[in-house]
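Biologist: I've got a new chain on the screen and some time to kill. Could you walk me through it while I ask questions?

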Amino acid sequence: MVKRKRKYEFKMISYGEYSKWDRESKDIPRIQDFTTKIEAEIGTEFGYVLHIKQAKAETITFKIEHPPFKNEKGEVAPPFEGEQFISTNDYRFYLGDCVWGPLEDKLGKWELTTYHKGKVVASKIFELVKK
């Protein structure tokens, strides 16, 4: 018996500024404005939503590259990286961040990228400017 190769689907369905995201909830935030130029203030939520099909039990990884700001130890913070398990064959994934203080060192270019099996399946660059 020949095993059929699954055809994974990754589609960016929205990107830009979102409503505040409750990280404890399964609900993804609602899109407020489709844009890559984010007029940022403390609390501004931005990123993108992927609709993923036929990838149940797979894992995606992500990276958020950001302007050089210092972490609690006074060192330049590395990119944020992580992974997400896909629990259904019709899955929505939100990748984003919420601006925190001080605002000035968060302004600039943010590149959000999602990978599946080492390949880029979505990427978006946002420019954060002061509101």
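Biologist: How many helices and how many strands does the chain have?

Modeller: Keep in mind that this is a predicted model. From the N terminus on, the elements run β-β-β-β-β-β-β-β-β. So the tally comes to 0 helices and 9 strands.

Biologist: What box do the C-alpha atoms fill, and what share of the residues is buried?

Modeller: Taken along the principal axes, the C-alpha atoms fill a box of roughly 60 × 30 × 25 Å. The chain has 131 residues, and the buried share of them is 35%.

Biologist: Let's get to the sheets. In the open sheet of 4 strands, which strands stand at the edges?

Modeller: The order there is β2-β1-β4-β7, with antiparallel pairing. A strand at the edge has a single partner, so one side of it is left without a neighbour in the sheet. That description fits β2 (31-34) and β7.

Biologist: And how far are neighbouring strands of that sheet turned against each other on average?

Modeller: The sheet in question is the one with the order β2-β1-β4-β7. Ignoring direction, the average turn between its neighbouring strands is 40 degrees.

Biologist: Zoom in on β4 and β7. Which residue in β7 is the bridge partner of Lys53?

Modeller: β4 and β7 pair in the antiparallel sense, over 9 bridges. For Lys53, the bridge partner in β7 is Asp90.

Biologist: Now the open sheet of 5 strands: which are its edge strands?

Modeller: This sheet runs β3-β9-β8-β5-β6, and its pairing is mixed. On average its neighbouring strands are turned by 25 degrees against each other, direction ignored. Pairing on one side only is what marks the edge strands, β3 (37-40) and β6 (80-85).

Biologist: Staying at the β3 end, which residue in β9 is the bridge partner of Glu39?

Modeller: β3 and β9 (residues 119-130) run parallel and are joined by 4 bridges. Within β9, Glu39 has as its bridge partner Val129.

Biologist: Which strand gives the most residues to the largest nonpolar core?

Modeller: In soluble globular proteins, nonpolar side chains tend to be buried together. The core here has 23 residues, and Phe46, Ile52, Phe93, Leu95, Trp110, Leu112 and Leu128 have the most contacts inside it. At least two residues come from each of β3, β4 (45-53), β5 (59-65), β7, β8 (108-116) and β9. The top contributor, with 4 residues, is β4.

Biologist: Is Tyr48 buried or exposed?

Modeller: Tyr48 has its place in strand β4. Buried means under 20% relative accessible area. Tyr48 has a relative accessible area of 0%, so it counts as buried.

Biologist: What separation is there between the C-alpha atoms of Tyr48 and Val121?

Modeller: Along the chain, Tyr48 and Val121 are 73 residues apart. In space, their C-alpha atoms are separated by 12 Å.

Biologist: On to the largest pocket. Which strand gives the most to its lining?

Modeller: The space in this pocket is about 330 Å³. Its lining has 13 residues, with Lys26, Ile28, Gln84, Tyr91 and Arg92 nearest the centre. The strand that gives the most, 5 residues, covers 90-98 and is β7.

Biologist: How does the lining of the largest pocket split by class?

Modeller: The 13 lining residues fall into three classes, nonpolar, polar and charged. The split is 5 nonpolar, 4 polar and 4 charged.

Notes: Residues numbered from 1 in each chain as written. Predicted model: local features only at pLDDT ≥ 70, side-chain atom pairs only at ≥ 80, totals over all residues. Heavy atoms only, no water. 1 Å grid on protein atoms, 1.4 Å probe; cavity = no way out; pocket = protein on both sides within 12 Å on 5 of 7 lines; lining within 4 Å. Points joined across faces, edges and corners; volume = space filled by probe spheres on them. Nonpolar A, V, L, I, M, F, W, Y, C, P; charged D, E, K, R; others polar. Pairing = 2+ DSSP bridges. Axes fitted to C-alpha atoms, helices over the stretch in contact; angles between N-to-C directions. Core = buried A, V, L, I, M, F, W, Y, C linked by side-chain atoms within 4.5 Å. Buried < 20%, exposed > 50% of the residue type's maximum accessible area, 1.4 Å probe, protein only.
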